[in-house]
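Here is a short briefing for a first look at this structure. Keep the sequence and the 3D view open as you read.

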Amino acid sequence: MQEPLPIHNNTGDAEFMAQALARARSVIGRTSPRPPVGAVVVRDGAVVGVGATDPPYGPHAEVNALRQAGELSGGADLYVTLEPCCVTIHTPPCTRAILEAGIRRVVVATLDPNPLVAGRGVAQLREAGVEITVGPGSAEAQEIIRPFSTFITRHRPHFSAKWAMTLDGKIATYTGDAYWISNEASRVWVHNFREEVDAIIIGSATARLDDPQLTVRLEPHQHWYPRTNRPGGPLRVVVSTHGDLPAHLKLLQPALANGTCIIVGEGAPPENIDRLRASGAEVMRAEVNQEGLIDMQTLSSLLEEKGLMHVLIEGGSQLLGRAFDQRLIDQVAAFIAPRLIGGHGAPSPIGGMGLSTMKHALTLANQRSQIIDGDILIQGLIVYKECV
């Protein structure tokens, strides 16, 4: 249950929904496979209860807020970032709790994309005599639940791709050196983004060359906004067809192996699998494609079965390329550093088959650009075009 917020005077729906959205943001990356939701109960212009979605499978945000408000919920207003659920899956429906508490008005930022709810929760409350307002804070609420929306409607994780490249489009020198392309401020941005995802994936080549930790490392003053604690951080995933990862990798040491998952091909040698499991890492088998590489659709299904809503692919080039080829990438965050290294053998961010014509080039929707201490960050949602 969340700590109570200070009491505020009523200045309208926007302020109270902003508090609910702050609660939702505080649990991003901590609720999968359920959406991060925030709720605020307001009585006579004052906040009397706040809540956010608990980790699986505790109470939803509305229930936490109503419990904190207690008897003050009667005749109060409820501000919630996502339409209250009206079905029992892991917990009883929130619509029942709202009606039992005697809430008079519910302000909803956005409707639930879950086909089992999708407007039914709002309709149920309205039919019971509760006043309903839908829309305040909708843009931010939809962005917060975008991974859940992908997960619940497309039955796979929401995949984000991140890379840093030089001005001439390289992610490493021809020798494989990539430390550091982006600057420190950009790396702080990346660690904040890691805080919001359920898993980080890399390929075996990146594991060998970079030997990363794939953890979140932020000083208190570097956080974008307050978040609830998440022991262990996001799941660390390495895609290694043969499972032949060096034993000295940081991800296979006692401090990190628990919380690391190695995805190997179905024909990976048993001795490799035994060695990886002995380190403490989880090992999962996946089908391979005609090229003998792990099939990306199968990988997606495995991650979906683990209840992972938002997965960040950090490289390398071939893994990203195969994900783009399979149209799995949903959004990108690309850093362009004002550096030049050249080299015919220096890799670019995206390998794979690629596209044959410029007219089919992928574009970005909701594009945003910013300069971070000299680096350029470009973000957006991927728009796929039909190839004919």
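An open sheet of nine strands runs through this predicted model. The strand order is 10-9-8-7-11-6-12-14-13, and the pairing is mixed.

**The sheet**
- Strand 10 (282–286) and strand 13 (363–372) are the edge strands. Each pairs on one side only.
- From one strand to the next, the twist averages 20°.
- Strand 7 (residues 199–203) pairs with strand 11 in the parallel sense. Three bridges join strand 7 and strand 11.
- Ile201 has Ile313 in strand 11 as its bridge partner.

**Helix 7 across the sheet**
- Helix 7 spans residues 184–194. Among the strands that helix 7 lies across are strand 6, strand 7, strand 11 and strand 12.
- Helix 7 also lies across strand 13 and strand 14 (375–383).
- Helix 7 runs at about 165° to strand 12.

**Helix 6 and its cover**
- Helix 6 covers residues 146–154. Its buried residues are Pro147, Phe148, Thr150 and Phe151.
- These buried residues lie on the same side of helix 6, because they cover an arc of only 160° around the axis.
- An α-helix has 3.6 residues a turn, so residues three or four places apart point the same way.
- The cover over the buried residues of helix 6 includes two helices, helix 5 (138–144) and helix 11 (296–305).
- That cover also includes strand 6 (158–166), strand 11 (310–313) and strand 12 (329–337).
- His155 follows helix 6. The phi of His155 is positive, near 55°.

Methods:
Residues are numbered from 1 along each chain as its sequence is written. This is a predicted model: local features need pLDDT of at least 70, side-chain atom pairs count only at pLDDT 80 or more; totals for chains, interfaces and linings use all residues. Side-chain values use heavy atoms; hydrogens and water are left out. Buried means under 20% relative accessible area, exposed over 50%, partly exposed in between (1.4 Å probe, protein chains only). Helices (H or I, at least four residues) and strands (E, at least two) are DSSP runs, numbered from the N terminus. The arc is that of the directions from the helix axis to the C-beta atoms. Contact means heavy atoms within 4.5 Å. Two strands pair if DSSP finds at least two bridges between them. Axes are lines fitted to C-alpha atoms, for helices over the stretch in contact, and angles run from 0 to 180 degrees between N-to-C directions.
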